[in-house]
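Please follow the model below from its pockets outward to its overall fold and surface.

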Amino acid sequence: MSTELRKRVTLDNNAHRKAEAAAAEVGASLGVYASAAVEYFATRGLDPRETEAREGQLIMQQIKKLGDRVFGFMQEQERTLLTAMLEEMLRTRITLERVLRLNEILVGNINAQLETLSEAQLQRQQQALQLLRQRNEEAVEKQVKEALEAAQKAGPGKRSKPVEATSGQGQ
């Protein structure tokens with residue numbers, strides 16, 4: 001017999017029968033089962049007489065835990081992924097604005113120089129400019145395609161392969 005201090009609790013016949021059956025089903029004595037049940041309700045601050053309120057409270061606790069996890073996940077995304085994306089977007093926007101301003105200056109200078117060219121020289125400059133635009137558009141399309149392919153290979157849910165020693169090749 002255990003040396004723990006024991007107390008007696010009186011149960012009605014129906015509760016006693018259900019408790020004995022439940023204890024036998026899980027392979028515990030009635031005393032161990034009843035002690036565990038009391039501990040369960042007391043620890044959670046639940047009233048065992050209110051079955052619907054108890055279920056609602058347990059559901060709300062689970063929802064709160066899930067909400068906390070989702071919020072934590074969103075905070076982590078903000079700290080890692082979203083901040084890096086914002087930084088890159090700002091860098092791109094500022095660079096673009098500076099390049100556009102530089103282009104305005106260059107176009108102004110080129111226009112001043114073009115006024116001094118003959119018709120044949122002007123036509124050669126236009127052809128060279130057209131070729132330059134075409135090459136630039138092709139390079140942009142190629143880079144976009146390569147970036148999208150790389151993103152699809154390493155996209156969400158895909159495992160990345162170990163990087164092989166390819167540095168220095170083809171460069």
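In this predicted model, α3 gives the lining of the second largest pocket its largest share, 7 residues. That pocket holds about 420 Å³ of space, and among the 14 residues that line it, Val-107, Ile-110, Leu-114, Gln-125 and Leu-129 are the closest to its centre. The elements that contribute two or more residues to this lining are α3 (51–114) and α4 (119–153), and by class the lining of the second largest pocket comprises 8 nonpolar, 5 polar and 1 charged residues.

The largest pocket, for its part, encloses about 980 Å³ of space, and of its 24 lining residues the closest to the centre are Leu-30, Gly-31, Ala-34, Ser-35 and Val-38. Both α1 (13–26) and α2 (30–44) supply at least two residues of this lining, with the largest share, 9 residues, coming from α2. Sorted by class, the lining of the largest pocket has 14 nonpolar, 4 polar and 6 charged residues.

Turning to aromatic contacts, the count comes to 1 aromatic pair, formed by Tyr-40 and Phe-41 in an edge-to-face arrangement, with 5.3 Å centre to centre and 90° between the planes. Phe-41 has a relative accessible area of 18% and is therefore buried, whereas Tyr-40, at 31%, is partly exposed.

As for the whole, the protein has 4 helices and 0 strands, following the pattern α-α-α-α along the sequence. Buried residues account for 5% of the 171 residues, and the accessible surface of the protein amounts to about 16300 Å², 56% of which belongs to carbon and sulfur atoms.

Note on methods. Residues are numbered from 1 along each chain as its sequence is written. This is a predicted model: local features need pLDDT of at least 70, side-chain atom pairs count only at pLDDT 80 or more; totals for chains, interfaces and linings use all residues. Side-chain values use heavy atoms; hydrogens and water are left out. Buried means under 20% relative accessible area, exposed over 50%, partly exposed in between (1.4 Å probe, protein chains only). Accessible areas come from the Shrake-Rupley method with a 1.4 Å probe; for residues, only the protein chains shown count as cover. Rings of Phe, Tyr and Trp (its six-membered ring) pair if their centres lie within 6.5 Å; planes under 30 degrees apart count as stacked, over 60 as edge-to-face and the rest as tilted. On a 1 Å grid over the protein atoms alone, a cavity is a set of points where a 1.4 Å probe fits but cannot get out, and a pocket is an open set with protein on both sides within 12 Å along at least five of seven lines; lining residues have an atom within 4 Å of a point. Grid points are joined across faces, edges and corners, and a volume is the space filled by probe spheres set on the points. Ala, Val, Leu, Ile, Met, Phe, Trp, Tyr, Cys and Pro count as nonpolar, Asp, Glu, Lys and Arg as charged, and the others, Gly among them, as polar.
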